[in-house]
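Work through these exercises with the structure open. Each task is followed by a solution in steps.

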Amino acid sequence: MKYLKTFERNKNPQIGDYVICQEYDTNDDILKFINNNIGVLVEINNDHFNYLIEYENIPNNIISYFRHGNQRQMTLGEIIHCSDNKEDLELILNANKYNI
């Protein structure tokens, strides 16, 4: 069995890393999409501690909530898993999906 390490707060995510975020928006559709999909970190604004995450296959009913059509601004506290390997995060999502 492969051991997956959760995101450590003493190491910040880097541009190009895959991330799973925990969204706290009041819109249920956005919340479900962000919490159940893997994004890619594309930009870091250190002045405001903002991380720009890019997503694929965003449903049309929530696309207006994304910058440039596919990017969402998140804080470091909203990034709950981070990896340079997408497959690691897919395992986490599948485990959560099936309560493993």
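**Exercise 1.** Leaving aside its neighbours within four places in sequence, which residues is F33 in contact with?

*Solution.* The model is predicted. Start at F33 and skip sequence neighbours up to four places away. Then collect every residue with a heavy atom within 4.5 Å. The list reads Y55, E56, N57, I58, P59, I62 and F66.

**Exercise 2.** Find the residues with the most contacts inside the largest nonpolar core, and the elements that supply the core.

*Solution.* Step one: the core has 15 residues. Step two: those with the most contacts inside it are C21, F33, I34, I53, Y55 and F66. Two of these, Y55 and F66, also appear in the contact list of F33. Step three: at least two core residues each come from β1 (18-21), α1 (28-35), β3 (50-54) and β5 (79-83). The top contributor is α1, with 3 residues. Step four: another core lies apart from this one. That core has 5 residues, including I20, L89, I92 and L93.

**Exercise 3.** Examine α1: which residues are buried, what covers them, and what caps the N-terminal end?

*Solution.* Apply the cut-off for burial, under 20% relative accessible area. In α1, I30, F33, I34 and N35 pass. Now consider the spacing. An α-helix has 3.6 residues a turn, so residues three or four places apart point the same way. Next, look at the cover. Among the elements over the buried residues of α1 are β1, β4 (71-75) and α2. Finally, go to the N-terminal end of α1, where N27 is the cap. A side-chain oxygen of N27 lies 2.8 Å from the backbone nitrogen of D29.

**Exercise 4.** Describe the second largest pocket by volume, lining and residue class.

*Solution.* The volume is about 220 Å³. The lining has 13 residues. Nearest the centre are I38, G39, Y55, E56 and K86. Two elements give two or more lining residues: β2 (38-45) and α2 (86-97). The largest share, 3 residues, belongs to β2. By class, the lining splits into 5 nonpolar, 5 polar and 3 charged residues. Note that Y55 and E56 are also contacts of F33.

**Exercise 5.** Place these parts in the whole fold: what pattern does the protein follow along the sequence?

*Solution.* Count the elements: 2 helices and 5 strands. Read them in order: β-α-β-β-β-β-α. Then check burial: 35% of the 100 residues count as buried. Last, take the contacts between residues at least 6 apart in sequence. Of these, 58% join residues at least 24 apart.

Conventions: Residues are numbered from 1 along each chain as its sequence is written. This is a predicted model: local features need pLDDT of at least 70, side-chain atom pairs count only at pLDDT 80 or more; totals for chains, interfaces and linings use all residues. Side-chain values use heavy atoms; hydrogens and water are left out. A nonpolar core is a set of buried Ala, Val, Leu, Ile, Met, Phe, Trp, Tyr and Cys residues joined through side-chain atoms within 4.5 Å. Buried means under 20% relative accessible area, exposed over 50%, partly exposed in between (1.4 Å probe, protein chains only). Helices (H or I, at least four residues) and strands (E, at least two) are DSSP runs, numbered from the N terminus. On a 1 Å grid over the protein atoms alone, a cavity is a set of points where a 1.4 Å probe fits but cannot get out, and a pocket is an open set with protein on both sides within 12 Å along at least five of seven lines; lining residues have an atom within 4 Å of a point. Grid points are joined across faces, edges and corners, and a volume is the space filled by probe spheres set on the points. Ala, Val, Leu, Ile, Met, Phe, Trp, Tyr, Cys and Pro count as nonpolar, Asp, Glu, Lys and Arg as charged, and the others, Gly among them, as polar. A polar contact is a pair of N or O atoms within 3.5 Å; within protein, one must be able to donate a hydrogen and the other to accept it, and residues adjacent in sequence count only if both atoms are side-chain atoms.
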